[in-house]
Each structure stands twice: as C-alpha cells, then as structure tokens.
Amino acid sequence: MKKLIQCVVLLFTIVQLNSQERRVETESVTLENLFTFIVDNFEEDGNPQNITFLLKTHKGNFSDEDKFILKQTFKLLSKRLSEEDYVSIATTIIVALH
C-alpha cells in the first residue's frame, strides 16, 4: 500500500511539473479574419496541439454567410492538423437585457 501511495504522489508531481512547462497562447480574431488566421498559424508540424475556439455571438443564429465561413474554416483546419491534435469549440450568446 505504501508503494502505491508513493507512486500516486510521484505521478501527480510529474503531471504538475509537465503541465507548468506548456505554453498557452491566446488570440482574438474576428470571423472575417478567421480563415486567414488558420492559414497563417496552423499547419501540421509533428507537435500535438490542443486548440480551443470560443465563438461569441450577439444573436441566437448565425447568418448563412457566417455558417459558410465557419464550415470552410474548420474544414481547412481539419486538413492541416493530425490525428493527435485536439480541437474544442465552445459558443456563447450575449443577450442584451433592456
């Protein structure tokens, strides 16, 4: 039992040290510039990536043009990344209260 506890503590320590070495970058891009941003910044380079997109909108539905841009952008992104990469997409809707 003592060896198990020591292994768990060692594992937690290693994970914490490894996570502190990771660099986190935050970028803010408008929808009009998203496609160009993907072209300029994402390419399969052999290093696994964890990418999160937060889409903020002021209305409940995207316009057809916005949907087209998003669909084409994520299609391009899926071709530029490998199976080891992770992509998360989250949305927020801003509601104005009067």
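Reasoning from values to terms in a predicted model

The protein chain in this predicted model exposes about 8700 Å², of which carbon and sulfur atoms supply 55%.

Student: How is the protein chain built along its sequence?
Tutor: The chain follows the pattern α-α-β-α-β, with three helices and two strands.

Student: Why is Thr 26 called exposed?
Tutor: The relative accessibility of Thr 26 is 73%. Exposed means over 50%, so Thr 26 counts as exposed. Thr 26 is placed in the loop between helix H1 (2-20) and helix H2 (31-41).

Student: Which distance separates the C-alpha atoms of Thr 26 and Thr 52?
Tutor: These C-alpha atoms are separated by 9.5 Å, and the two residues are 26 positions apart along the chain.

Student: Why is Ile 5 called partly exposed?
Tutor: Ile 5, in helix H1, has a relative accessible area of 49%. Buried means under 20% and exposed over 50%; the value for Ile 5 falls in between, and therefore Ile 5 is partly exposed.

Student: What makes Ile 5 part of a nonpolar patch on the surface?
Tutor: A patch residue needs over 30% relative accessible area and no salt bridge, and nonpolar side chains are joined within 5 Å. Ile 5, at 49%, forms the patch with Met 1, Leu 4, Val 8, Val 9 and Phe 12. Together these residues have about 650 Å² of accessible area.

Student: Which residues gather in a patch of negative charge?
Tutor: They are Glu 44, Asp 45, Glu 83 and Glu 84. Asp and Glu count as negative, and like charges are joined within 9 Å. Glu 84 lies in the loop between helix H3 (64-80) and strand E2 (86-93).

Student: What percentage of the 98 residues is buried?
Tutor: Buried residues make up 17% of them.

Methods
Residues numbered from 1 in each chain as written. Predicted model: local features only at pLDDT ≥ 70, side-chain atom pairs only at ≥ 80, totals over all residues. Heavy atoms only, no water. Areas by Shrake-Rupley, 256 points an atom, 1.4 Å probe, with all protein chains shown as cover. Salt bridge = Lys/Arg side-chain N within 4 Å of Asp/Glu carboxyl O. Charge placed at Lys NZ, Arg CZ, Asp CG, Glu CD. Helix = DSSP H or I, 4+ residues; strand = E, 2+ residues; numbered from the N terminus. Buried < 20%, exposed > 50% of the residue type's maximum accessible area, 1.4 Å probe, protein only.
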